[in-house]
Amino acid sequence: MKKFAFVLAAAGLMSVAACSKPETPAENNADMLADNLQSAADNLDAMADNATNATAGALEGAADNLNAAADNITNAH
């Protein structure tokens with residue numbers, strides 16, 4: 001019963017959050033682009049974990065750049 005109540009509460013909160021501000025198609029695209037950039041950065045970080053020191057530094061730098069780009073897109077709207 002507690003799980004059911006938790007699921008209902010979570011669904012209610014999600015529906016309220018979804019209604020808080022309608023997003024334009026441009027905002028949706030920006031959010032998707034930022035999410036994709038962050039995913040790519042996560043992938044580069046994972047690759048850096050498995051790479052040699054010189055390569056890892058380059059991959060981590062590229063990941064940082066993608067994260068910064070994603071943050072710029074997110075903060076722009």
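**Exercise 1. Find how far helix H2 reaches, and set its span beside the expected one.**

Solution. Start with the residues: helix H2 covers residues 25-49, which is 25 residues. (Helices are DSSP runs of H or I with at least four residues, strands are runs of E with at least two, and both are numbered from the N terminus.) Next, take the span from the first C-alpha to the last, which is 36 Å. The expected span is 1.5 Å times one less than the number of residues, and for H2 that gives 36 Å, close to the span found.

Before going on, note that this is a predicted model, in which local features need pLDDT of at least 70 and side-chain atom pairs count only at pLDDT 80 or more, while totals for chains, interfaces and linings use all residues. Residues are numbered from 1 along each chain as its sequence is written, and side-chain values use heavy atoms, with hydrogens and water left out.

**Exercise 2. Do the same for H3, then place both helices in the chain.**

Solution. H3 has 24 residues. From first C-alpha to last, H3 reaches 35 Å, close to the expected 34 Å. For the chain, count the elements: there are 3 helices and 0 strands. Read from the N terminus, their order is α-α-α.

**Exercise 3. Which residues of H2 and H3 are buried?**

Solution. First fix the term: buried means under 20% relative accessible area, exposed means over 50%, and partly exposed lies in between, using a 1.4 Å probe and protein chains only. In H2, the buried residues are Glu 27, Ala 30, Ala 34, Leu 37, Ala 41, Leu 44 and Ala 48. In H3, they are Ala 56, Leu 59, Ala 63 and Ala 70. Now ask what covers them: helix H3 (53-76) is part of the cover for H2, and H2 is part of the cover for H3. Over the chain, 14% of the 77 residues count as buried.

**Exercise 4. Work out how H2 and H3 lie against each other.**

Solution. Take the angle first: H2 and H3 pack at about 165°, with their axes 8 Å apart. (Axes are lines fitted to C-alpha atoms, for helices over the stretch in contact, and angles run from 0 to 180 degrees between N-to-C directions.) Then sort the angle: under 35 degrees counts as roughly parallel, over 145 as roughly antiparallel, 65 to 115 as roughly perpendicular, and the rest as oblique. H2 and H3 are therefore roughly antiparallel to each other.

**Exercise 5. Name the members of the largest nonpolar core and the helices that supply them.**

Solution. A nonpolar core is a set of buried Ala, Val, Leu, Ile, Met, Phe, Trp, Tyr and Cys residues joined through side-chain atoms within 4.5 Å. The largest one holds 6 residues: Ala 41, Leu 44, Ala 48, Ala 56, Leu 59 and Ala 63. H2 and H3 are the elements that give two or more residues to this core. In soluble globular proteins, nonpolar side chains tend to be buried together.

**Exercise 6. Is Leu 44 buried or exposed, and which residues does it touch?**

Solution. Locate Leu 44 first: it is in helix H2. Its relative accessibility is 18%, so Leu 44 counts as buried. For touching, use contact, meaning heavy atoms within 4.5 Å. Not counting residues up to four places away in sequence, Leu 44 touches Leu 59, Ala 62, Ala 63 and Leu 66.

**Exercise 7. Describe Glu 60 and Ala 70 in the same way.**

Solution. Begin with Glu 60, which lies in helix H3. Glu 60 has 37% relative accessibility, so it counts as partly exposed. Leaving aside neighbours within four places in sequence, Glu 60 is in contact with Asp 45 and Ala 48. The C-alpha atoms of Glu 60 and Leu 44 are separated by 6.7 Å, though the two residues are 16 residues apart along the chain.

Turn now to Ala 70, also found in helix H3. Ala 70 is buried, with a relative accessible area of 0%. Not counting residues up to four places away in sequence, Ala 70 touches Ala 34, Leu 37 and Gln 38. Ala 70 and Gln 38 are 32 residues apart in sequence, and their C-alpha atoms are 6.3 Å apart in space.
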